[in-house]
Amino acid sequence: MSIRKTGIIIGMGEFGVHVAKKLSSEGCDIIAIDIIEKRINLIKDFVMKAIVADAANEQTLEQILSTDIDFVVVCIGNIEKSMIATLYLREFGYDNVYIKAVTDEHERILKLLGVKNIIFPEKNIAEGLASRLLYSNMLDYLPLSDEYSIAELAPLAKHIGKTLKETNFRRIYDLSIIAVERPDADKLIFTPGPHYMIGKHDTLMVLGKKESINKYNEL
């Protein structure tokens, strides 16, 4: 049985609202915060608690936060206010914090501040779309960091009907297959073993360096 989590979402713009609604629908207790009352009124029926407050105010933010919070997501569109809220959260000792970057410069500053969990939705979506347009056998793409990504790939023709052991997939392509989606079985097979035989319509979910994913696609 999973433990029910409580999180704070700061900033009820489009991204913040989608995150808050999705987490709430999955059983999380969400506290939504925004400085604009109209936005709070639109989200209040979907979350556990909705508060009109300025998260860039130290005293206000400290009052809202509690030791029972599992995570905080900052989705503020104003870079200055986002940075101030981020600094306060770090001073309060919150480690499980996710900050939405608005621009490349904002992302660079967050990295300099030592923020580990940076969300850049527009950039990530753009990278994923560009990769899918460039490579016909790339089905989906999720950047994890500057170096590593998860990608959904179609198998190469020479792999069909062969086992993973026979393809030497990890050694040759420097990619780890973490799951396989098999449409005819209508299921997802996690960490398939060496004797798993690749099917024509399989989708390979791989983890590896971006350059390794690109090299595979060039084949």
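A salt bridge is a side-chain nitrogen of Lys or Arg within 4 Å of a carboxyl oxygen of Asp or Glu. Keep that in mind for several of the close-ups below, which come from a predicted model.

**View 1. Asp-202 and Arg-182 join their side chains in a salt bridge.**
Here the N to O distance is 3.0 Å, so the pair falls within the 4 Å cut-off. Asp-202 sits in the loop between β10 (187-190) and β11 (203-209), while Arg-182 belongs to strand β9 (residues 175-182), so this pair ties together parts that are 20 residues apart in sequence. How much of each partner is left accessible? Asp-202 is buried, with a relative accessible area of just 4%, whereas Arg-182 is partly exposed at 21%. A search of the whole structure turns up 5 salt bridges, and the next two views show others.

**View 2. Asp-54 and Lys-81 form a salt bridge across distant parts of the chain.**
The side chains meet with 3.3 Å from N to O. You'll find Asp-54 in the loop between β3 (49-52) and α3 (58-64), and Lys-81 in helix α4 (residues 79-91), 27 residues apart. Both ends get some exposure: Asp-54 counts as partly exposed at 25% relative accessibility, and Lys-81 counts as partly exposed at 29%.

**View 3. Arg-39 and Asp-34 make another salt bridge.**
What is the N to O distance in this one? It comes to 3.4 Å. The two partners are a mixed couple when it comes to burial: Asp-34 is buried, with a relative accessible area of 5%, but Arg-39 is partly exposed at 35%. As a general idea to take away, side chains of opposite charge can pair when their charged atoms come close.

**View 4. Helix α5 has a buried face and an exposed one.**
Which residues of α5 (residues 104-112) are buried? They are His-106, Glu-107 and Leu-110. Looking down the axis of α5, these buried residues fall within an arc of 100°, so they line one face of the helix. Turned away from that buried side, you'll meet the exposed residues Arg-108 and Leu-112. After α5 comes Gly-114, and its phi is positive, near 85°.

**View 5. Helices α4 and α5 pack against each other.**
Two packed helices are described by the angle between their axes and the distance between the axes. For α4 and α5, the angle is about 15° and the axes are 11 Å apart. Angles under 35 degrees count as roughly parallel, and α4 and α5 are therefore roughly parallel to each other. The way α4 passes α5 is a right-handed crossing. On the α4 side, Ile-79, Ser-82, Met-83 and Thr-86 make the contact, and on the α5 side it's His-106, Ile-109 and Leu-110. You may recognise His-106 and Leu-110 from the previous view, where they were among the buried residues of α5.

**View 6. Asn-168 and Asp-174 have positive phi values without being glycines.**
Where is Asn-168 found? Look in the loop between α7 (164-167) and α8 (169-173). Its phi is about 50°, and Asn-168 counts as partly exposed at 33% relative accessibility. Asp-174 lies in the loop between α8 and β9. The phi of Asp-174 is about 55°, and at 47% relative accessibility Asp-174 counts as partly exposed too.

Key: Residues numbered from 1 in each chain as written. Predicted model: local features only at pLDDT ≥ 70, side-chain atom pairs only at ≥ 80, totals over all residues. Heavy atoms only, no water. Buried < 20%, exposed > 50% of the residue type's maximum accessible area, 1.4 Å probe, protein only. Helix = DSSP H or I, 4+ residues; strand = E, 2+ residues; numbered from the N terminus. Arc of directions from axis to C-beta. Axes fitted to C-alpha atoms, helices over the stretch in contact; angles between N-to-C directions. Parallel < 35°, antiparallel > 145°, perpendicular 65-115°, else oblique. Left-handed = near helix turned anticlockwise from the far one by under 90°. Contact = heavy atoms within 4.5 Å.
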